[in-house]
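Colleague: I should like a close look at the nonpolar interior of this protein. Please set it in the context of the whole fold.

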Amino acid sequence: MRAAMDQIVDSHHHIWRQRDLPWLLGPMQPRIFGPYEPIRRDYAIEEYLGDIEGCGIAQSVYVQANWAPARAVDEVAWVQAEADRTGYPHAIVGYADLHDPDVGDVLKAQSQYPLLRGIRMQLHWHENEQYRFADGPAVMNDAALRRNVGLLAAHDLLFELQVFTAQMEDGAAFAEAFPDVPMVLAHCGMPDDLTPEGWRAWRAGMERLAAVPSVSVKLSGLGTFIHRLDRAHIERTVRETVELFGPQRCLWGSNFPIEKLWTDYASLVDAYREALAHLSPEARQEIFAGTARRLYRL
């Protein structure tokens, strides 16, 4: 099995400089993934390359790390410069404020950097205030945001969709409205309620999203709410997700260095390998590399 998976694409990781991230400066702010003192520092590409050593990672995709919104272009420029310097990452997902009437200028400026492949604006909202990011649960119905999402197609950019279970119906309708904008659902839809009732609701929402052909799903971030590497939780979640979406619409991502709070990279990769061991080598290769290469044009 290992030989069939030597070429792995990490479709979701971050590198950062502490001075660029407001949430890493000053008093520690509550975050969805719990206390984060060990990562309140620079996480440079050199450390990331050390983390992935020996794990079979052939390519990687950087996903925006919440720089100050006014510096959305600066973030893409910096990551592009790091890629030019080190050869990693191989694609960039930047940030843009899709409520901004002038966001077209931002997208145009970002698109001058050859590795830009997509935009993430986090739209997740939760009854728990600590889990909130968007201003409200129905943000995907906002007319201004919808007008601007349509601009992504002109720049050949995908959209990284990050929502909770209660938002999945809106998320599916949102994706259906933009069939020319591929959407990548983050972190298996962020299952935060693991009670039987919560799991049934998550499953129903995932079925609704899977019915939209333009939506793919990232198998990542499953330690976010439990703050540990739980192999049984990973196996249950990814097997159900792959069953709904199929291997050609599933892709793997590390969410490093966030998951570094409770595990190491090799253990994380092995947990997903074990969870997907029942699939054919061809299906596993789609999840670990093929889907990401198509979506991010690697």
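Modeller: The radius of gyration is taken here over C-alpha atoms, and the globule rule is 2.2 Å times the number of residues to the power 0.38. The model is a predicted one. With 298 residues, a compact globule would have a radius of gyration near 19 Å, and the 18 Å of the protein agrees with this. Along the principal axes, the C-alpha atoms fill a box of roughly 50 × 40 × 40 Å. Ten helices and eight strands make up the secondary structure. Among contacts with a separation of 6 or more, 79% join residues 24 or more positions apart.

As to the interior, 57% of the 298 residues count as buried. In soluble globular proteins, nonpolar side chains tend to be buried together. Here the largest nonpolar core has 88 residues, and Phe159 and Phe174 have the most contacts inside it. Helix 9, residues 265–275, supplies the largest share of this core, namely six residues. A second, separate core of twelve residues includes Val61, Ala91, Val184 and Ala292.

Phe159 merits particular attention. Leaving aside residues up to four places away in sequence, Phe159 touches Leu98, Ile119, Met121, Leu123 and Leu152, as well as Phe174, Val181, Pro182, Met183 and Val184. Its partners thus include Phe174, the other residue named for the most contacts inside the largest core.

Turning to the surface, the protein exposes about 11,700 Å², of which carbon and sulfur atoms supply 51%. Its side chains include 29 positive and 41 negative ones, and the centres of the two sets lie 2 Å apart.

Definitions and conventions:
Residues are numbered from 1 along each chain as its sequence is written. This is a predicted model: local features need pLDDT of at least 70, side-chain atom pairs count only at pLDDT 80 or more; totals for chains, interfaces and linings use all residues. Side-chain values use heavy atoms; hydrogens and water are left out. Helices (H or I, at least four residues) and strands (E, at least two) are DSSP runs, numbered from the N terminus. Buried means under 20% relative accessible area, exposed over 50%, partly exposed in between (1.4 Å probe, protein chains only). Contact means heavy atoms within 4.5 Å. Accessible areas come from the Shrake-Rupley method with a 1.4 Å probe; for residues, only the protein chains shown count as cover. Lys and Arg count as positive and Asp and Glu as negative; His and the chain ends are not counted. The place of a charge is taken as NZ of Lys, CZ of Arg, CG of Asp or CD of Glu. A nonpolar core is a set of buried Ala, Val, Leu, Ile, Met, Phe, Trp, Tyr and Cys residues joined through side-chain atoms within 4.5 Å.
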